[in-house]
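Student: Hi, I've just opened this one and would like a hand finding my way around. Can we go through it together?

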Amino acid sequence: MRILLTTTSYQDTPGDHHALLGAQDYEIHRERGPLPESRMLELAGQFDAFLCGDDEITRAVLDQSLPRLRVISKYGIGLDKIDVTACTEKKVPVLFTPGVNHTTVAEHTFCLLLALVRNLIDSANAVRKGEWKRITGHEIWNKTIGIIGLGRIGQEVAKRALAFGMKVHGLDPYWPEAFAKENGIERHETIETMLPHLDVLSLHANLSESTRHLVNAQRLKLTKPELLIVNTSRAELVHMADILVALDAGSVGGYATDVLDEEPPPPSHPLLRHPKALITPHIGSRTYESVPRQAMRATLNLVNYLKGEKDVIQANKW
Ligand code: NAD
């Protein structure tokens, strides 16, 4: 059995998942992902299973991987780089790991937000250079945060926002009624009605055709000046060129993001050195606590599926 292992979080972080994978009678081929479609096409056809991160598994990759490929075990929850529709048509199970990284990503969301409002990076870097530069920041207490996508991560963000004394508004087509009622979250049916209330917008919807470019120039006309946007979901939820214009114009006061449209970004990426942008390299779920949980779940999914056991979490059905 040949397995393609591409996720670097999995490979680089200690945990029991290494022993479990090592105990199987598999030949493991390791690559440093996320791999573009071109590299996946070079490798496709040589493996019985993928244990992958955000590699581009397109229809073409899938076609070339069959008939040998039996299963895809995704390390993580976002499936936007996998053509799940094609996998379902070809009856290739896509396994994934929901419910193991929501607290870690919610913490990173607040790490970004607090760093943004208190100018943490500039202040700390100035001190490191020997300067005692005291930049005035903002509180988040009593401010209003709007959460797009009140799923697992969005709900953890809401709990933390409430603990900071923020007012919480939310938008999700699958409205978590009991959670929202218990926590006093104000419901919106559209982003248009929510945006004018907000000091902070936090993005937690999965990327799909309905969420691509959800934040765009048209909608940014509806915000208070200096809206802060935090994105720990997927870069494509915002229209990058429109965000850059809004940052320059001041309708967006800061954009803190863990995700970019190209990862790693080219040195010329226009957001990289923008003074109002704060970027982390997709580390939202990368903690010593969360990685072993995700990695163990992804390994269990793979091993159990290949043994014909039932304890697997599958995203697609036919
Ligand atoms: P989830 O499936 O529990 O929640 C996603 C929510 O978004 C769902 O409730 C869904 O109904 C909602 N949604 C879908 N379309 C919407 C729309 N048009 N408007 C508003 N809401 C919409 O997933 P999760 O575990 O909370 O993860 C959310 C996303 O976070 C993932 O899809 C992934 O892209 C991203 N993520 C990033 C990292 C990171 O390292 N930065 C780690 C894990 C997940």
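Student: Let's start with strand β4. Which of its residues are buried, and on which side?

Tutor: Happy to help! Keep in mind that this is a predicted model. Strand β4 covers residues 71-74, and both of its faces are covered. Val71 and Ser73 are buried on one side, and Ile72 and Lys74 are buried on the other.

Student: Why do they split into two pairs like that?

Tutor: Because side chains in a regular strand alternate between the two faces of the sheet.

Student: OK, and how many bridges join β3 to β4?

Tutor: There are 4 bridges between β4 and strand β3, residues 49-52, and the two strands run parallel. Within that pairing, Phe50 has Ile72 of β4 as its bridge partner.

Student: What about β5, how does that pair with β4?

Tutor: Strand β5, residues 94-95, pairs with β4 in the parallel sense over 2 bridges. Here Ser73 is partnered with Leu95 of β5.

Student: Which helices sit in the connections?

Tutor: Helix α4, residues 59-65, forms a right-handed β-α-β unit with β3 and β4. Helix α5, residues 84-89, does so with β4 and β5, and that unit is right-handed too.

Student: Zooming out, what's the strand order of the sheet?

Tutor: The order is β2-β1-β3-β4-β5, an open sheet of 5 strands with parallel pairing. β2 (27-30) and β5 each have a single partner strand, so each of these edge strands has one side without a neighbour in the sheet.

Student: And where does β1 come in, bridge-wise?

Tutor: Strand β1, residues 2-5, pairs with β3 in the parallel sense over 3 bridges. Leu5 has Leu51 in β3 as its bridge partner.

Student: Changing topic to pockets: how much space is in the second largest one?

Tutor: About 670 Å³. Its lining has 29 residues, and the closest to the pocket centre are Leu116, Asn119, Leu228, Gly253 and Gly254.

Student: Which elements give two or more residues to that lining?

Tutor: Two helices, α6 (102-117) and α7 (120-128), plus the strands β10 (227-231), β11 (252-257) and β12 (277-279). The most comes from α6, with 3 residues.

Student: Last one, for setting up a probe: how does the lining of that pocket divide into nonpolar, polar and charged?

Tutor: The lining of the second largest pocket has 14 nonpolar residues, 7 polar ones and 8 charged ones.

Methods: Residues numbered from 1 in each chain as written. Predicted model: local features only at pLDDT ≥ 70, side-chain atom pairs only at ≥ 80, totals over all residues. Heavy atoms only, no water. 1 Å grid on protein atoms, 1.4 Å probe; cavity = no way out; pocket = protein on both sides within 12 Å on 5 of 7 lines; lining within 4 Å. Points joined across faces, edges and corners; volume = space filled by probe spheres on them. Nonpolar A, V, L, I, M, F, W, Y, C, P; charged D, E, K, R; others polar. Buried < 20%, exposed > 50% of the residue type's maximum accessible area, 1.4 Å probe, protein only. Pairing = 2+ DSSP bridges. Right-handed = clockwise from strand over helix to strand, strands pointing away.
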